[in-house]
Amino acid sequence: MFDLIVRNATLPDGRTGVDIAAKDGRIAEIAPALGPAATEIDAAGRLVSPPFVDSHFHLDATLALGTEGVFNESGTLAEGIALWGRIAPKLTAENYRDRALRYIDLAVSKGLLAIRSHVDITDPRLIGAETLADIKREVAPYLDLQLVAFPQMGFFSRPDMADSVRRVLDMGFEVVGGIPHLEPTAEHGRASITALCEIAAERGAMVDMHCDENDDPNSRMIETLVWETKRLGLGGRVTGSHLTSMHSMDNFYAGRLVKMMADAGVHAILNPAANLHLQARFDTYPKRRGLARAPELMAAGATVAFAQDSVLDPWYPLGACDMLDMGWIAAHACHLTDRKGLRACFDAVTEAPAKIMELDGYGLAPGAWADMVVLAAADPIDALRLRAPRTHVIRRGRVIAETPLPAPRLSIKGRPETLERDIWAPSSL
Ligand SMILES: [Zn+2]
């Protein structure tokens, strides 16, 4: 007797008509006609996917839009940072907690069950970091929260920043962050990468830096991050986030850089919505897209994820906590609209970020955690196309969120009031 079975599922790898059985929180078996189980869900041929993963987010700032009248009117990164610098010192633990938990509820309802959040450690009191470390433990039964020590105003914004990085690693943070392009000079930027990577190597932590988030073709901090990755033997554990300057680099240098990153095992995380909004604010026409070169990085064998970065905060005024939005926007903005590209866009919000975050037991396979999402879609490309509703969200073999699919009621003369055809059936989509 299994604890739970999802029947008649289509899997992201193309298998159809299979049942997924869970026992003791793990996937026990995937095959046709399994059973019985205490709880049974009929996927009716729809897509069942591993959970969505957001590998770049700011949970300490989310839902802070409007706090003390904070709205980013210029749409620039600089105004976002200035507004955050104004409100952050006044935020209380209760305020951090309230916003983060409200956001996490929304995430769970959308099948987003793992988040890597950068947490600003500029203020030496570390109120946000302590609060998020508590929340990480509290939400662990239903969401994997991975925390990044992030000196938002720069590693050199105060002399004892290294101590704060070590302190938050002691609190359970797993990743060392940074923002080298924001340091006072390029030399400071490179020195910050060296110092922060050395702390990560000493403590066995991963690295994920905000890197070259500008439109300057000569912003090349990523070069130093690749070098330090190789020098310290951190390959596979280091990520460059944003990397928007790659969009504006000359093709010769960008081609060399793509190969260097892939060879060194440095991952790339793009934030397509936030950076389409923030970048190229000083362009007239043509306006650059300001996204790293995802198709080229993927072709070279680098791991590429798409992430949200922000939802309703001083940097970005929109966002629906939906990772399918990120895949959909990136597909357009990066010209990943052939079948292979669209499929890669789905992987970039599921498998790829799970690999970057080193999530344990992720995926649909016997022995993995019984974490999965039933989508009202026929396959991964269809899920992107529709930004499909998530009917069931399952964690450790238990349904933790459900969204019923409403049948549309029509008010068209001569038509039935309620549409009889099941518009959510894969064959109708
Ligand atoms: Zn960010």
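**Two domains, an open sheet and a helix pair**

The centres of domain 1 and domain 2, taken over C-alpha atoms, are separated by 30 Å. The model is a predicted one, in which local features need pLDDT of at least 70 and side-chain atom pairs count only at pLDDT 80 or more, while totals for chains, interfaces and linings use all residues. Residue numbers start from 1 along each chain as its sequence is written.

The domain assignment places 2–50 + 363–402 in domain 1 and 52–356 in domain 2; such bounds come from an automatic or database domain assignment. Where the two meet, 16 residues of domain 1 are in contact with 17 residues of domain 2, contact being counted if the C-beta atoms of two residues, placed from the backbone, lie within 7 Å. On the domain 1 side, α14 (380–386), β15 (390–395) and β16 each supply at least two residues. Helices (H or I, at least four residues) and strands (E, at least two) are DSSP runs, numbered from the N terminus. The most is given by α14, with four residues. By character, this side of domain 1 divides into eleven nonpolar, one polar and four charged residues. Here Ala, Val, Leu, Ile, Met, Phe, Trp, Tyr, Cys and Pro count as nonpolar, Asp, Glu, Lys and Arg as charged, and the others, Gly among them, as polar.

Turning to the sheet, four strands in the order β5-β14-β15-β16 form an open, antiparallel arrangement, with two strands taken as paired if DSSP finds at least two bridges between them. Because β5 (47–49) and β16 (398–402) stand at the edges with a single partner strand each, one side of each is left without a neighbour in the sheet. Neighbouring strands are turned by 20 degrees against each other on average, direction ignored. Three bridges join β5 to its antiparallel partner β14 (residues 372–375), and serine 49 stands opposite valine 373 in β14.

A helix pair completes the picture. Helix α2 (residues 93–109) packs on helix α3 (residues 127–139) at an angle of about 40 degrees, with the axes 9 Å apart. Axes are lines fitted to C-alpha atoms, for helices over the stretch in contact, and angles run from 0 to 180 degrees between N-to-C directions. The angle makes α2 oblique to α3, given that angles under 35 degrees count as roughly parallel, over 145 as roughly antiparallel, 65 to 115 as roughly perpendicular and the rest as oblique. Residues including Tyr96, Arg97 and Leu101 in α2 meet a set in α3 that includes Thr131, Leu132 and Ile135. The contact of α2 with α3 comprises nine nonpolar, two polar and one charged residues.
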